[in-house]
Amino acid sequence: MARALLATILVTAAPAAAWACPVCGLASAEDNAWAYGAMSVLLSAVPLGFVAGIVIWIRRASRHRDSP
Amino acid sequence: MPAAARRREVVPSSVLGMLVFVGAEIMFFMGLISAFTISRAAVRPGAWSLPATPLPAASTAFNTAALFASGLLVFVAWRQFAGDRMRASDRTLLVAWALGALFVVLQGREWMQLLAAGFTMQASRLGAFFYLIVGAHALHAAGALIGLGLAWWRLHQGAPSRTLFLGAATFWYFVVGIWPIIYLRVYF
């Protein structure tokens with residue numbers, strides 16, 4: 001239990017020390033590091049943007065349908 | 001007590017359901033492209049691809065144009081369908097389906113030529129990623145063509161299905177829309 005707690009603290013508070021972040025510790029080259037970062041941003045932004053786009057579209061369609 | 005107001009459908013259920021599926025497939029392709037990008041960034045010069053087997057970007061550009069035309073015609077066919085011009089929609093959707101099938105067939109022919117030239121999944125990392133990503137897209141395109149074909153068949157038989165048409169068209173728009181990202185990332 002104590003080791004699990006210590007590991008969790010290390011991973012969350014100091015990912016570079018725990019080699020938990022692929023950009024900080026596991027990337028083998030500088031070129032690789034930018035690729036990790038860019039793809040992390042892409043994989044985070046795409047689903048958020050997709051869901052936001054659908055929500056906005058449905059809201060507009062709903063307002064258009066309800067307008068006199 | 002007055003009767004409860006009937007709920008009106010804002011977005012067709014077939015479209016909403018297909019969009020949920022499309023969202024999952026977008027993440028699938030983003031994962032593949034992410035792996036491609038990270039692998040390519042880490043590889044030593046000369047170890048990514050065999051120098052004698054360049055990808056046929058020019059001929060694939062023609063295939064891409066056919067795919068775009070197909071997507072545009074599916075949209076036109078839907079507008080004709082919505083305007084109750086069923087015969088025109090029938091013809092337009094058939095041409096759209098044929099262009100989509102042409103894309104898949106021409107891509108298959110390119111694959112045969114690349115394989116004959118020694119560009120295989122085992123030949124290089126680029127080969128492995130190329131067949132994985134482009135092959136996954138081809139499978140999605142083939143599945144979408146089946147859906148579009150069913151929608152056209154219902155229309156042709158005089159029993160048009162709005163929900164089937166919209167659902168199939170939504171998935172086809174995804175197949176058309178994801179291709180330029182794959183083409184620009186993998187072929188260049």
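Hi everyone. When I say contact today, I mean heavy atoms within 4.5 Å. With that in hand, let me start with one residue, B:Val10. Leaving out residues up to four places away in sequence, B:Val10 touches A:Ile58, A:Ala61, A:Ser62 and A:Arg65. Please keep in mind throughout that this is a predicted model.

So where does B:Val10 sit? It is in the segment before α1 of chain B. At 28% relative accessibility, B:Val10 counts as partly exposed. If you want a distance for orientation, the C-alpha atoms of B:Val10 and B:Phe81 are separated by 19 Å, and the two residues are 71 apart along the chain.

That residue brings us to the interface. Chain A and chain B each put 19 residues into the contact. Between them the two chains bury about 1,600 Å², and 79% of that is on carbon and sulfur atoms. On the side of chain A that touches chain B, we have 13 nonpolar residues, three polar and three charged. How many salt bridges are there between chain A and chain B? The count is zero. For residue pairs in polar contact between the two chains, with both residues at pLDDT 80 or more, the count is zero too.

Now the chains themselves, beginning with chain A. Its secondary structure is three helices and zero strands, so to speak an α-α-α run from the N terminus on. Of the 68 residues in chain A, 9% count as buried.

Chain B has 188 residues, and 47% of them count as buried. Here we find five helices and zero strands, in the pattern α-α-α-α-α along the sequence. The C-alpha atoms of chain B fill a box of roughly 75 × 40 × 20 Å along the principal axes. For those of you who like contact maps: take the contacts in chain B between residues at least 6 apart in sequence, and 79% of them join residues at least 24 apart.

Let's go inside. In soluble globular proteins, nonpolar side chains tend to be buried together. In this model, the largest nonpolar core has 53 residues. The residues with the most contacts inside that core are B:Leu93, B:Phe130, B:Trp172, B:Ile182 and B:Tyr187. Which elements give two or more residues to this core? They are, in chain B, α1 (13-42), α2 (57-82), α3 (86-116), α4 (125-156) and α5 (162-186).

B:Tyr187 is a nice one to click on. Setting aside neighbours within four places in sequence, its contacts include B:Leu55, B:Pro56, B:Phe130, B:Val134 and B:Gln107.

Let me follow that last name. B:Gln107 lies in helix α3 of chain B. Is B:Gln107 buried or exposed? It is buried, because its relative accessible area is 5% and the cut-off for buried is under 20%. Beyond residues up to four places away in sequence, B:Gln107 touches B:Thr60, B:Asn63, B:Val134, B:Trp179 and B:Tyr187.

Staying in helix α3 of chain B, have a look at B:Asp90. This aspartate counts as buried, at 13% relative accessibility. Which side chain does the side chain of B:Asp90 make a polar contact with? The partner is B:His156, at 2.7 Å. With residues up to four places away in sequence left out, B:Asp90 touches B:Trp152, B:Leu155 and B:His156. The C-alpha atoms of B:Asp90 and B:Trp152 are separated by 6.5 Å, with the residues 62 apart along the chain.

Two loop residues to finish. B:Ser124 is in the loop between α3 and α4 of chain B, and it is buried, with a relative accessible area of 9%. A polar atom of the B:Ser124 side chain lies 3.1 Å from the backbone nitrogen of B:Gly127.

The other is B:Asp84, in the loop between α2 and α3 of chain B. B:Asp84 is exposed, with a relative accessible area of 59%. Most residues other than glycine have a negative phi. B:Asp84 is not a glycine, yet its phi is positive, at about 65°.

That's my tour, thanks for listening!

Terms used: Residues numbered from 1 in each chain as written. Chains lettered and ligands numbered in written order. Predicted model: local features only at pLDDT ≥ 70, side-chain atom pairs only at ≥ 80, totals over all residues. Heavy atoms only, no water. Buried area = accessible area lost by both parts, 1.4 Å probe. Salt bridge = Lys/Arg side-chain N within 4 Å of Asp/Glu carboxyl O. Polar contact = N/O pair within 3.5 Å; in protein donor to acceptor, adjacent residues only side chain to side chain. Nonpolar A, V, L, I, M, F, W, Y, C, P; charged D, E, K, R; others polar. Core = buried A, V, L, I, M, F, W, Y, C linked by side-chain atoms within 4.5 Å. Buried < 20%, exposed > 50% of the residue type's maximum accessible area, 1.4 Å probe, protein only. Helix = DSSP H or I, 4+ residues; strand = E, 2+ residues; numbered from the N terminus.
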